[in-house]
Amino acid sequence: MDDITTKRPVLSENAIKVLERRYLSKDGKGNIIETPDGLFRRVARTIAAPDQTFGATPDEVTEIENRFYDMMIGLEFMPNSPTLMNAGRPLGQLSACFVLPIDDSMDSIFTAVKNTAMIHKSGGGTGFAFSRLRPKNSNVASTSGVASGPISFMKVINSATEAVKQGGTRRGANMGVLRIDHPDIVDFITCKDDLSELTNFNISVGITDAFMEAVEKDENFTLIDPRTEKPYVRDGAIAQLPAREVYDLIINHAHTTGEPGVMFIDRMNDGNPVSNVGLYESTNPCGEQPLLPYESCNLGSINLSRMVRAVVDPDNSVSMYKYDVDWELLDRTVADSVHFLDNVIEANRYPLPEIDANTKSNRKIGLGIMGWADLLIMLGIRYDSQRAFELADRVMARIKRVGHEASIRLSDKRGHFPLWERSDFYQNGTGPEMRNSTVTTIAPTGTISIITGCSSGIEPHFAISFVRNVMDNTKMIEVNPYFEKIAKEQGFYSQELMERIAKVGSIQEFDEIPEEIKNIFITSHDVAPEDHVRMQAVWQKHVDNAVSKTINLPHDATVDDVRESYTSAFKLGCKGVTVYRDGCRADQVLSTGATETADNVDSAPSEGAEVLSAKVKERPEQLEGVTTKIKTGYGNLYVTINMLEGEPFEVFAQIGKSGYSTMADTEAICRLVSLAFRSGIPVNKVVDQLKGIGGSSPIFGNGGLISSIPDAIAIVLHNLFGNGKAIEKGRDLSLEFCPDCGARVEHESGCIVCRGCGYSKC
């Protein structure tokens with residue numbers, strides 16, 4: 001861990017690995033041709049250039065470039081991933097999120113499908129409101145047929161996303177929203193019961209204030225026909241549903257699968273500064289950015305763990321150093337970040353002309369934060385304490401005020417956003433002339449927080465020590481750097497203790513750790529659900545857009561715990577809420593011993609006659625599978641494992657341009673492994689036979705030594721089935737395991753992130 005007071009912090013090993021895998025420029029052969037320093041300089045130069053348009057001299061542009069560069073190289077601010085990836089490169093698409101309209105016509109629906117593909121190809125995510133589509137079984141006059149309903153068209157977009165995802169480098173993500181009063185709302189709430197369906201969608205119910213009032217009063221609510229905006233008539237009567245029963249259906253599904261989330265749609269629009277232009281109907285994939293149709297938003301986050309200054313503190317309170325918030329540094333960073341993000345709007349090459357026009361009409365930006373949990377540790381403040389809530393209120397109020405002031409100053413030089421006269425800011429011409437209709441958003445920061453070496457968003461730490469990856473029986477224990485430092489200073493550090501902590505994540509039950517340290521180093525599962533919600537609500541109070549946060553619940557959380565989280569979020573002023581109950585759909589977060597199965601019973605038949613007489617299973621017409629890329633000394637190996645009823649059934653592998661002999665050997669290994677699986681040989685037996693086989697080109701990759709191609713196949717099998725337990729039928733492996741490195745993934749800020757390699761579903 002570097003000294004926080006230095007201007008040029010050292011990038012962590014994991015940050016460098018993530019940059020190399022996902023961000024640094026490569027030549028046509030895949031060789032890295034850029035350094036991290038070069039990346040930050042490329043981005044700074046590209047984003048500073050628009051200042052020339054507004055009259056800056058070359059020297060002034062250079063000065064601005066250097067300020068932007070210093071923020072990034074100092075790990076004080078980082079823009080969203082598309083800006084890091086594409087600024088100054090041919091694609092030039094810099095936005096993370098978009099919302100596309102879907103009206104009730106085939107032309108609109110399939111235009112949205114085409115536009116989705118274009119956006120996903122460029123590295124962005126998309127949100128949709130399906131609330132305008134007529135319900136299933138409605139009459140279609142032009143064909144004398146019946147409508148198939150919103151969910152069928154969600155599946156069409158899901159398939160398009162899958163196709164683009166397989167050909168691109170950044171997985172597309174979607175948000176699907178349906179209003180609570182749509183006639184198909186029950187089908188929507190249950191549409192992801194089959195976890196093999198809609199795997200590229202997050203879903204949220206657009207809940208109205210009227211519905212929540214009906215829940216409170218235990219009344220029925222009326223369904224609305226989206227074509228007429230009048231009460232929906234079914235079987236000759238106005239269709240109504242009992243509000244509490246529908247609410248309970250949402251709660252029960254969220255408890256079981258983590259979805260649907262809820263979007264308090266009236267509250268979203270209460271904070272819509274351009275409601276006279278249009279009303280919000282959907283958000284980006286993680287729910288924190290409401291947008292009008294064909295709008296995009298450019299996001300960036302300030303690393304609060306760098307916004308500190310050393311102070312002399314005679315108190316012996318527990319903190320990494322003696323620190324206080326550096327409010328002046330925070331102010332400067334906010335102002336420069338607003339300038340940066342407004343320039344992104346100008347430098348951006350948008351994937352559609354409609355997005356170009358609508359984005360520049362309202363000029364939304366979304367400045368947020370990360371490193372909140374780290375800052376609290378450095379100040380010696382417990383995450384769920386009153387002091388923490390008060391500091392959050394003070395920090396975000398400051399960011400909003402300074403951010404709005406910076407937007408007004410930009411307006412003085414560049415002009416207000418074009419639709420300002422139709423906005424809430426106008427106030428008969430006496431209101432503040434804003435350059436941007438919105439300034440602040442708290443977004444997921446999974447990958448960029450890895451780069452900056454800080455905690456993600458406003459989330460607490462998931463674990464104090466955890467297994468980042470396990471390959472070939474080699475444990476890779478990653479320890480929170482603040483905890484590791486204080487543990488060594490106070491003399492209770494040991495590798496054995498770190499490994500024991502990694503089995504549970506939390507340190508609360510370890511007697512050898514002092515109480516004052518356990519009081520500060522708490523994890524997401526140590527925080528009560530109501531305090532998760534309260535923290536989100538405090539930040540939301542001063543955020544123009546919304547706050548992306550996951551209310552992480554322990555596995556034994558009850559349905560009532562989920563209900564309380566959703567209801568409290570509404571009462572406390574949140575604009576939406578997402579919960580995730582640990583292990584609820586086997587999408588387990590970062591691997592800790594508490595989430596590993598203890599079922600390692602060897603169910604293999606005994607060696608000899610029983611195995612030889614095993615019946616080889618016939619192959620069904622269709623199987624589900626997962627493909628993993630793993631680095632070998634012969635090039636990248638792509639291993640596909642198809643499964644039957646959750647167990648591996650067959651294995652295929654492709655190995656780049658390595659010669660026919662190597663490809664033939666690889667095919668032979670896969671055929672024999674597939675025969676073993678189809679004959680009932682358990683995974684651990686196959687892994688034991690393949691692991692450690694030596695080759696002529698061993699290489700370090702994916703967290704350990706990879707000796708050969710059979711060794712690489714063993715590593716992939718071990719990552720996916722290392723405990724010898726079958727994967728439940730219908731389980732979405734892409735949500736449980738990182739498709740790039742095979743490590744467990746983490747649910748945070750409404751997103752899914754791999755801390756091992758930087759993969760992000762959002």
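This passage describes the overall make-up of a predicted model, its nonpolar cores, one helix and one hairpin.

The structure is a predicted model, in which local features need pLDDT of at least 70 and side-chain atom pairs count only at pLDDT 80 or more, while totals for chains, interfaces and linings use all residues. Residues are numbered from 1 along each chain as its sequence is written, and side-chain values use heavy atoms, with hydrogens and water left out.

The chain holds 25 helices and 31 strands, taken as DSSP runs (H or I, at least four residues, for helices; E, at least two, for strands) and numbered from the N terminus. Of its 762 residues, 58% are buried, where buried means under 20% relative accessible area, exposed over 50% and partly exposed in between (1.4 Å probe, protein chains only). The accessible surface comes to about 30500 Å², and carbon and sulfur atoms account for 49% of it; these areas come from the Shrake-Rupley method with a 1.4 Å probe, and for residues only the protein chains shown count as cover. Among contacts (heavy atoms within 4.5 Å) between residues at least 6 apart in sequence, 70% join residues at least 24 apart.

Turning to the interior, the largest nonpolar core contains 170 residues, and Trp-372, Phe-483 and Trp-539 have the most contacts inside it. A nonpolar core is here a set of buried Ala, Val, Leu, Ile, Met, Phe, Trp, Tyr and Cys residues joined through side-chain atoms within 4.5 Å. Helix H14 (residues 386-414) supplies the largest share of this core, ten residues. Another core, of 27 residues, lies apart from it and includes Ala-653, Ile-655, Ile-715 and Leu-720. Beyond its neighbours within four places in sequence, Phe-483 touches Ile-464, Phe-492, Met-498, Ile-501, Ile-507, Ile-513, Ile-517 and Phe-521.

Helix H8 (residues 209-217) offers a handy local example, with Phe-211, Met-212, Ala-214 and Val-215 buried. These four lie on the same side of H8 because they cover an arc of only 155° around the axis, the arc being that of the directions from the helix axis to the C-beta atoms. Ala-210 and Glu-216, on the other side of H8, are exposed. The packing partners of the buried H8 residues are strand E7 (201-207), strand E8 (220-222), helix H9 (243-257) and helix H20 (559-571). Just after H8, Asp-218 adopts a positive phi of about 55°.

Finally, strands E25 (residues 624-632) and E26 (residues 635-644) run antiparallel and are joined by nine bridges; pairing requires at least two DSSP bridges between two strands. The two strands form a hairpin with two residues between them, and Lys-631 stands opposite Asn-636 in E26.
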